[in-house]
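Here's a quick tour of a protein fold, from its surface down to a few strand pairings. Have the viewer open while you read.

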Amino acid sequence: MRQTQTCEDSMPYKDLQDFLKHLEREGELKRIGAELDPKLEIAEVTDRVSKKFGPALLFEKAKGARFPVLTNMYGSYKRMNMALDSDNLDELGERIHQYLEIERPDGIIKKLQMIPKISKLANIFPDHVKRGCCQDVVLTGEQVDLGIMPVLTTWPGDAGPFITLPVVFTKNPETGVRNAGMYRMQVYDKNTTGMHWHRHKGGAYHYHLAEKLGKRLEVAVAIGPDPAVTYAATAPIPDEIDEMLFAGFLRNQPVELVKCKTVDLEVPATSQFVLEGYVDPGERRREGPFGDHTGYYSLADDYPVFHVTALTHRNDAIYPATLVGPPPMEDCFIGKATERLFLPLIKKQLPEVVDMNLPLEGVFHNLCFVSIDKRYPGQARKVMYALWGMGQMMFTKIIVVVDKNINVQNVSEVLWRIGNNVDPRRDIAILEGPLDALDHASPLAFYGGKMGIDATKKGPEDGHHRLWPDSLRMDPGVKSRVDALWGQLGL
C-alpha cells in the first residue's frame, strides 16, 4: 500500500478541484459571488441557467454554510465529454465495448493482438492508499452534524433538503462484492438520512440480503469524488463489474481508495465529503415527496434509514449538487452519455440496430427511439422485446422503431414518421412489465403497461398490399448546385 499524493500534487482530473480548473480555462464555469440560500434560491438560479444550456455554477457564498456549492457541472455535451476526458462519446463507447468484450483467443495472432488490451486493463484496478484528503477533518459520534453541508432544497413541495450526487458504497453481505450506486438521501436531522433504494438497484439488493440475515449493513457515501467516479456510480454496468474498476477504465488510471474510519469500507481518497454509517434491518421512515427528473413530485413512501457514525471532509471542500425537474436539466446529459457509451454493447447483441435516442423529453425511461436495418417482417417487434429484456432498458415505457435511413436524434423527424407510417391497429404492441419506481401513471408501483410502435416501412410480407410511397427528397444534383450558389443569394 503506497502513500497517496497530496491534493495539490494531483494529476489532471484527479479530483473535483482539478476538473473545475479545466472548466474555468474553457469558459465553462461561472463563479457567483452573491450570497444565495441553499433553500430554493440556488436551485432557481441553476434551473434558469440549465434551461439555457449555460455554464457550470460555483456559488461561493451559500447562506449559512462555509462551503461553496457547485451545480450544473455536467450540464452540456461539452462538459460531459470533459468529465470523461473524451473528445467523442461514441468513440469512448466503442472502447468500452472492446475492453468489456474480450474473448478467449483461439490462435497465436489473436493472443498477440490481446496483449495491449490486457496490459491497459492491468492499470485500472483500484489503488488502496493509507490516507486521503477526504479525511483532512474527521468528525465522529456527537461531533457529526450534516448541517455543515449546504444541502439544497430544490422545489417548494420537497419534504426537506436532500443529497443529490452521493456515491453510495455497500458490500454484498454474502460475497463481499462491492457496489457503488447513486440514490437520493433526504436529510432528516444532524446524523440521519433516508436511503432511497429502489428494489431494482444494487444497494437495495445488498440491504435485502442483510435483512434476510438480520444484520446491520454498513454504508459509506462519497460526495464529490472526481467526475468520472461520480458518473460510474450512475452507469448501468453488469452487477459483476466493480464501478471503481469501470471508473478506472474511464480515467485511464486507478481510483485511489482509502479505508473509512468507522466502517469496513473504502471510498475515493480525494472526495469532498464522506459519510460513514449503517442501515439497520427492518427500520423504515417516511421519505419524500421530492421533485424528480420526471418533472413531477415523486410520491412519499417508507425507505431505509441511514445512521451517520462519521463525517469526514477536505479542508478545501466543495459541495456538488445536481437538480432534477422538467427537462432539459443537467441529468439529461448524464443520460445521453450513458446512451452513447452503452449503445455498442446493445448493437453487439442486436446487430440490426443502427442508432438509438433516449430523448431529453423522455427523462431516460419513458421514450426510446431506435433505428434498425429491417430485413424481415416482425423484426421491429423482435427488437422491442429484446430491448425490454436488457438491464435497465426494462423500465422503458415506450419504444419506437424506425428504418435505418431515419435520424433518430431528430425528434421532429421521428414524430413525422410515426404520424405517417403507423396503422394503430397493426403497428402498436401493448404489453406489461417492470416500470421505474418514479412512474406515477401506472396503477401499481413498479409494474404497468408498455407500448411498442413499429414505424418502419411495410410491404406485402407485413400484410400491407397497397403501394408504399417514397418520402420527398430533393434531387442531389440540384442540392449541390444550390449549395454552390448559396453565398450569392443573400439569404
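## Surface and burial

About 22,900 Å² of the protein is exposed, and carbon and sulfur atoms supply 53% of that area. Keep in mind that this is a predicted model. On the inside of the ledger, 54% of the 491 residues count as buried.

## Overall build

The chain folds into 13 helices and 23 strands. Its radius of gyration is 24 Å, while the globule rule gives 23 Å for 491 residues; those values are close, so the protein is as compact as a globular protein of that length. If you're setting up a box, the C-alpha trace spans about 75 × 60 × 60 Å along its principal axes.

How much of the contact set links residues 24 or more positions apart? Taking the contacts with a separation of 6 or more, such pairs account for 71%.

## The five-stranded sheet

One sheet is open and has five strands, in the order β19-β20-β21-β23-β22, with mixed pairing. At its edges sit β19 (353-357) and β22 (428-434), each of which pairs on one side only. Ignoring direction, neighbouring strands in this sheet are turned by 20 degrees against each other on average.

Let's zoom in on the β22 edge. The partner of β22 is β23 (residues 447-454), and the two run antiparallel over seven bridges. Within that pairing, Ile 430 stands opposite Met 451 in β23.

## Strand β7 and its partners

Is strand β7 mostly covered or mostly open? This strand, residues 166-171, is mostly covered, with five of its six residues buried. That's worth a second look, since burial here means under 20% relative accessible area. In a regular strand, side chains alternate between the two faces of the sheet.

Which strands does β7 pair with? One is β11 (residues 217-223), joined to β7 by four bridges in the antiparallel sense. There, Pro 166 stands opposite Ile 223 in β11. Another is β8 (residues 178-181), also antiparallel to β7 and also joined by four bridges. In that pairing, Phe 169 has Ala 180 of β8 as its bridge partner.

## The β7-β8 turn

β7 and β8 also make up a hairpin, with six residues between the two strands. If you're checking backbone torsions, go to Gly 176 in the turn: its phi is positive, at about 80 degrees.

Key
Residues numbered from 1 in each chain as written. Predicted model: local features only at pLDDT ≥ 70, side-chain atom pairs only at ≥ 80, totals over all residues. Heavy atoms only, no water. Pairing = 2+ DSSP bridges. Axes fitted to C-alpha atoms, helices over the stretch in contact; angles between N-to-C directions. Buried < 20%, exposed > 50% of the residue type's maximum accessible area, 1.4 Å probe, protein only. Rg over C-alpha atoms; globule rule 2.2 N^0.38 Å. Contact = heavy atoms within 4.5 Å. Areas by Shrake-Rupley, 256 points an atom, 1.4 Å probe, with all protein chains shown as cover.
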